[in-house]
Amino acid sequence: MSEPPALSGSSLTTKELQQRWREAKGTQRAHKVLFDIPSSCVVEDACCKHVVYQVAVMACGSFSTRHVIVERRYSDFSHFHQKLTEEFGEEVEDLALPCKHLAGPVGGRGLALQDYLNQAFAVRCVRHSPLVPDLLTGKELSRARASLRGGQFRAALEQLHTVLQIQEKLAPWQRPTQLVPVLAAIAVCHRDLGEPLEAVAAAHRALPVVRRWKMNDYLGGLLETLVDLSYGLQRPVAHLQEELMALRDRHAASWRSLKEVVVRDVT
C-alpha cells in the first residue's frame with residue numbers, strides 16, 4: 001500500500017498520521033474470493049452421460065484479478081458437502097447443497113451451485129479448511145502427478161500452474177506450506193525440460209517457507225537443485241552449498257531427490 005500524500009507546509013502529529021493511515025487503509029479493498037459458474041455442458045462417455053460445470057475462481061482486492069477455471073461434476077460438490085458436514089457439523093447446518101435434479105435448465109443448477117460455493121466460503125471454518133483447495137485443485141494435482149510419473153513435464157506444468165493460481169487466491173486462509181509441493185514440482189518440470197531460469201525461480205520461491213517450517217524433505221532437494229542449476233547459470237552457490245552439505249551429513253540415511261519427494265506428495 002502506498003503512503004498517503006504528505007501535506008505541504010505542515011507537520012503531522014502522531015495522532016493525525018495514524019488517522020491518515022486509517023483513511024488510506026480504508027480505501028483498499030479487502031481480499032475476497034468469488035466463485036462463478038458461467039457455463040456447463042453434458043459429457044457422454046462409454047457408459048453414461050453427466051454434466052460438467054466450469055467453476056471460475058477470482059480473488060478481488062488482490063494484485064491479480066484474473067480468474068482461473070476448473071471443471072467439476074455434481075458428485076464433486078456432493079463429496080465436498082459430505083466432508084464439510086462430517087467435519088464441522090452444526091457450524092455448516094444452514095449450508096444446503098442444491099439437489100442434483102432441479103427443475104428447469106441445467107444452467108439453473110449451475111447458478112444454484114455457484115451460490116452454494118459462495119455461501120460455503122463465507123463460513124469461517126470452511127474457508128480456512130483444506131477441503132476447499134481439495135475441491136478446487138484435487139483433480140488437477142492427480143493429473144499432474146500422473147504426467148510427472150510418465151515424464152510428460154509440459155502437460156504436468158499446465159496442471160500445476162492452474163493449481164498454483166488457485167492456491168495463491170486462497171492463500172490468506174490456508175497454511176503457506178500448501179504452495180511448497182506445487183512450487184517444487186514446477187521446479188522439477190522446468191529443470192527436466194532444460195529451463196533452468198524458471199526452475200531456479202520456483203525453487204527460490206519455495207525455499208523461505210521450507211526453511212521456516214522445517215520441511216527437511218524438501219529442503220535437501222531444493223538446495224541440491226539450486227546448487228546444480230546455479231553452477232550452470234554462473235551464479236554464486238557457496239552459501240547454498242554449505243547449507244546442503246550440513247543437511248546431507250545429518251540426513252544421509254533418509255536422503256531423497258526433489259523429484260522423489262514431489263511424486264510422493266503431489267496427489
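The structure holds eleven salt bridges, a salt bridge being a side-chain nitrogen of Lys or Arg within 4 Å of a carboxyl oxygen of Asp or Glu. The model is a predicted one, in which local features need pLDDT of at least 70 and side-chain atom pairs count only at pLDDT 80 or more, whereas totals for chains, interfaces and linings use all residues. Residues are numbered from 1 along each chain as its sequence is written, and side-chain values use heavy atoms, with hydrogens and water left out.

Side chains of opposite charge can pair when their charged atoms come close. One such pair is formed by E140 and R72, whose side chains meet in a salt bridge with an N to O distance of 2.6 Å. Because E140 lies in helix α5 (residues 131-149) and R72 in strand β3 (residues 68-73), this pair ties together parts that are 68 residues apart in sequence; helices (H or I, at least four residues) and strands (E, at least two) are here DSSP runs, numbered from the N terminus. Both partners count as buried, E140 at 5% relative accessibility and R72 at 2%, where buried means under 20% relative accessible area, exposed over 50%, and partly exposed in between, with a 1.4 Å probe and protein chains only. The side chains of E140 and R72 are also joined by a polar contact of 2.6 Å, that is, a pair of N or O atoms within 3.5 Å, of which, within protein, one must be able to donate a hydrogen and the other to accept it, while residues adjacent in sequence count only if both atoms are side-chain atoms. R72, E140 and R143 are linked in a network of salt bridges. When residues up to four places away in sequence are not counted, E140 touches V70, R72, Q159, T162 and V163, contact meaning heavy atoms within 4.5 Å.

A further salt bridge joins the side chains of K139 and D76, at 2.8 Å from N to O. This pair links distant parts of the chain, with K139 in helix α5 and D76 in helix α2 (residues 74-88), 63 residues apart. K139 is partly exposed at 30% relative accessibility, whereas D76 is buried, with a relative accessible area of 17%. In the salt bridge between K259 and D192, the N to O distance is 3.4 Å, and the residues, which are 67 apart, belong to helix α11 (residues 258-265) and helix α7 (residues 179-192), respectively. Here K259, at 28%, and D192, at 33%, are each partly exposed.

Helix α7 also contains C189, which is buried, with a relative accessible area of 0%. Residues up to four places away in sequence aside, C189 touches L148, F153, A156, L157 and L160. The C-alpha atoms of C189 and A199, ten residues apart along the chain, are separated by 7.5 Å.

The largest pocket has a volume of about 310 Å³. On a 1 Å grid over the protein atoms alone, a pocket is an open set of points with protein on both sides within 12 Å along at least five of seven lines, and lining residues have an atom within 4 Å of a point. Of the 18 residues that line the largest pocket, P130, P133, D134, Q167 and Q178 are the closest to its centre. The elements that give two or more residues to this lining are α5 and α7, and α5 gives the most, with five residues. The lining residues divide into seven nonpolar, eight polar and three charged.

Key:
On a 1 Å grid over the protein atoms alone, a cavity is a set of points where a 1.4 Å probe fits but cannot get out, and a pocket is an open set with protein on both sides within 12 Å along at least five of seven lines; lining residues have an atom within 4 Å of a point. Grid points are joined across faces, edges and corners, and a volume is the space filled by probe spheres set on the points. Ala, Val, Leu, Ile, Met, Phe, Trp, Tyr, Cys and Pro count as nonpolar, Asp, Glu, Lys and Arg as charged, and the others, Gly among them, as polar.
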